[in-house]
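This briefing looks at one protein chain and works from a single strand outwards to the whole fold. Please keep the structure in view while reading.

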Amino acid sequence: MVKEMFDLTGKKAMVTGAGGGIGSTQAKALAEFGAEVALCDLNPDSIRETAAELEVYGCKAPCIPIDITSKASVVEAVGQVTKELGQIDILCNTAGINYRVPILDYPEEKWDRVIDVNLKGMFLVSQAVAPQMIERGWGKIINMSSIMAKITYFNQAAYCSSKGGVDQLTKVMALEWAKSGVRVNAISPTYINTPLVEQVLKDEPERVDFINKRTPMGRLGKLEELMGITVFLACPASDLITGQSISVDGGWTAW
């Protein structure tokens, strides 16, 4: 019975930001446990490689372009995903960006862009997908937050603000949809060793030393270390969990 609680066979998932390292990793995890996964990204070319990798699981993985900051684009993409897969049982709101400069130098347009992608986009996609989950009485929404929702670091005003908003949005959605069978949770990772993070740390080597000293485990996270929590929050095993932001951070926020 326990094994069955982690089975996603027959479930249909939509992953935004599926062209990035974390989104691609989540898509692979869901597919390995039996789900069919629609790969959505602003740049559809970025997800073709992921789609090819999902073939090993026999997974139907349509690649669908989406601009999550545009309601019209979101509605169109959700409609296309629903047409391709039949329905959406699992939504991973994973698309996100960052821009790092001091507050006094932070351009308004960059602030708006980070907030729009990281927070508004999550709101728009969830708003478009949730009605069908509510109608069926079951659904899982997994929002990508960050430990930066709980702690801070220099030059990340918009990012930290957006991720704090993600945690609060997650709670409100969970509260409003709890009795409808829709569970909404967030994953809050530490720095994950992706190509983008590698470049940032290469440019700021002092940050590597800070991260390793600040993390009880003494290292960055690995992409595959987000697979288990993704599957857990997507499957029936987590049906009593909602409104939570779960840190995957090597113990960073434990002190």
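A residue is called buried when its relative accessible area is under 20%. By that cut-off, 6 of the 6 residues of strand E5 (residues 139–144) are buried, so the strand is largely enclosed by the rest of the structure. The model is a predicted one, and the points below take up this strand, its partners, the nonpolar cores and the chain as a whole.

**Strand E5 and its two faces**

- In a regular strand the side chains alternate between the two faces of the sheet.
- Both faces of E5 are covered, with Gly139, Ile141 and Asn143 buried on one side, and Lys140, Ile142 and Met144 buried on the other.
- One residue of E5 is isoleucine 142, which is buried with a relative accessible area of 1%.
- Setting aside residues up to four places away in sequence, isoleucine 142 touches Gln26, Leu91, Cys92, Asn93, Asn185, Ile187, Thr230, Leu233 and Ala234.
- Between the C-alpha atoms of isoleucine 142 and serine 126, which are 16 residues apart along the chain, the separation is 9.8 Å.

**The partners of E5**

- Strand E4 (residues 90–93) runs parallel to E5 and is joined to it by 4 bridges, and within this pair leucine 91 stands opposite isoleucine 141.
- To get from E4 to E5 the chain passes through helix H4 (residues 108–136), and this β-α-β crossover is right-handed.
- Strand E6 (residues 182–189) also runs parallel to E5, with 6 bridges joining the two strands, and here asparagine 143 stands opposite alanine 186.
- A right-handed β-α-β unit is made by E5, helix H5 (residues 157–177) and E6.

**The nonpolar cores**

- The largest nonpolar core has 30 residues, of which Leu8, Leu30, Val37, Leu39 and Leu54 touch the most other members.
- Two or more residues of this core come from each of strand E1 (12–16), helix H1 (21–32), strand E2 (36–41), helix H2 (48–54), E4, E5 and helix H8 (227–234), and the largest share, 5 residues, comes from H1.
- Leucine 54 touches Ala27, Lys28, Ala31, Val37, Leu39, Cys59 and Ala61, when residues up to four places away in sequence are not counted.
- Apart from the largest core lies another one, of 29 residues, and Val78, Ala95, Ile141 and Val166 are among them.

**The chain as a whole**

- The secondary structure of the chain comes to 8 helices and 7 strands.
- The radius of gyration is 17 Å, close to the 18 Å that the globule rule gives for 255 residues, so the chain is as compact as a globular protein of that length.
- Along its principal axes, the C-alpha trace spans about 45 × 40 × 40 Å, and 49% of the 255 residues count as buried.
- If one takes the contacts between residues at least 6 apart in sequence, 72% of them join residues at least 24 apart.

**Confidence in the prediction**

- The average pLDDT of the chain is 95, and 100% of the residues score at least 70.
- Among the elements, E4 has the highest mean pLDDT, at 99, whereas helix H6 (residues 195–203) has the lowest, at 76.
- Where pLDDT is low, the predicted coordinates should not be read in detail.

Technical notes:
Residues numbered from 1 in each chain as written. Predicted model: local features only at pLDDT ≥ 70, side-chain atom pairs only at ≥ 80, totals over all residues. Heavy atoms only, no water. Buried < 20%, exposed > 50% of the residue type's maximum accessible area, 1.4 Å probe, protein only. Pairing = 2+ DSSP bridges. Right-handed = clockwise from strand over helix to strand, strands pointing away. Core = buried A, V, L, I, M, F, W, Y, C linked by side-chain atoms within 4.5 Å. Contact = heavy atoms within 4.5 Å. pLDDT = per-residue confidence, 0-100. Rg over C-alpha atoms; globule rule 2.2 N^0.38 Å.
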